[in-house]
Amino acid sequence: MTNHLHLLANCENENLSEIIRDLKKHTSKKIIETIITEPESRKEWMLNLFSFEASNIQGIRTFNLDSE
């Protein structure tokens with residue numbers, strides 16, 4: 001499947017939750033950037049969905065990819 005990933009991670013010297021937070025932040029920015037710049041037939045649908053999810057979360061201004 002191309003819509004998710006599994007990550008096994010271990011951290012000895014840093015806080016693992018901070019590393020995962022930074023990974024998610026970086027990855028989500030790159031995903032949005034790619035959707036905007038690359039040809040994608042579902043571009044408008046995805047950006048509208050991510051924007052709608054962000055509107056329901058305080059502190060998120062533009063897009064949210066973590067819709068659970």
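Is glutamate 40 buried, partly exposed or exposed? With a relative accessible area of 27%, glutamate 40 is partly exposed. Keep this residue in mind, as we will come back to it in the close-ups of this predicted model.

**Figure 1. The whole chain contains two helices and zero strands.** Welcome to the overview. Of the 68 residues of the chain, 10% count as buried. The accessible surface amounts to about 6300 Å², and carbon and sulfur atoms account for 52% of that area. If you look at contacts between residues at least 6 apart in sequence, 16% of them join residues at least 24 apart.

**Figure 2. Five residues build the largest nonpolar core.** Here you can find Ile32, Ile35, Met46, Leu47 and Phe50. Helix H1 (16–37) and helix H2 (43–55) each contribute at least two residues to this core, and H2 gives the most, with three. Phenylalanine 50 sits in helix H2 and has a relative accessible area of 13%, so it counts as buried, the limit being under 20%. Between the C-alpha atoms of phenylalanine 50 and isoleucine 32 there are 9.1 Å, although 18 residues separate the two along the chain. Leaving aside residues up to four places away in sequence, methionine 46 touches Ile35 and Glu40.

**Figure 3. Glutamate 40 and arginine 42 meet in a salt bridge.** Here is our opening residue again, this time with its partner. The N to O distance between the two side chains is 2.8 Å. Arginine 42 is partly exposed, at 47% relative accessibility, and glutamate 40 is partly exposed as well, at 27%. Side chains of opposite charge can pair when their charged atoms come close. The count for the model comes to three salt bridges, and the next view turns to the others.

**Figure 4. Helix H1 holds a salt bridge between glutamate 33 and lysine 30.** These two side chains meet at 3.9 Å, N to O. Because they are three residues apart in helix H1, about one helical turn separates them. Glutamate 33 is partly exposed at 43% relative accessible area, and lysine 30 is partly exposed at 40%. Arginine 21 forms a further salt bridge with aspartate 22, where the closest N and O atoms are 3.0 Å apart. Aspartate 22 is partly exposed, with a relative accessible area of 40%.

**Figure 5. Four residues form a nonpolar patch on the surface.** Leu5, Leu7, Ile20 and Leu23 together offer about 380 Å² of accessible area. Leucine 5 lies in the segment before H1 and is exposed, with a relative accessible area of 67%.

Conventions. Residues are numbered from 1 along each chain as its sequence is written. This is a predicted model: local features need pLDDT of at least 70, side-chain atom pairs count only at pLDDT 80 or more; totals for chains, interfaces and linings use all residues. Side-chain values use heavy atoms; hydrogens and water are left out. A nonpolar core is a set of buried Ala, Val, Leu, Ile, Met, Phe, Trp, Tyr and Cys residues joined through side-chain atoms within 4.5 Å. Buried means under 20% relative accessible area, exposed over 50%, partly exposed in between (1.4 Å probe, protein chains only). Helices (H or I, at least four residues) and strands (E, at least two) are DSSP runs, numbered from the N terminus. Contact means heavy atoms within 4.5 Å. Patches are made of residues with over 30% relative accessible area and no salt bridge: like charges are joined within 9 Å, nonpolar side chains (Val, Leu, Ile, Met, Phe, Trp, Tyr) within 5 Å. Accessible areas come from the Shrake-Rupley method with a 1.4 Å probe; for residues, only the protein chains shown count as cover.
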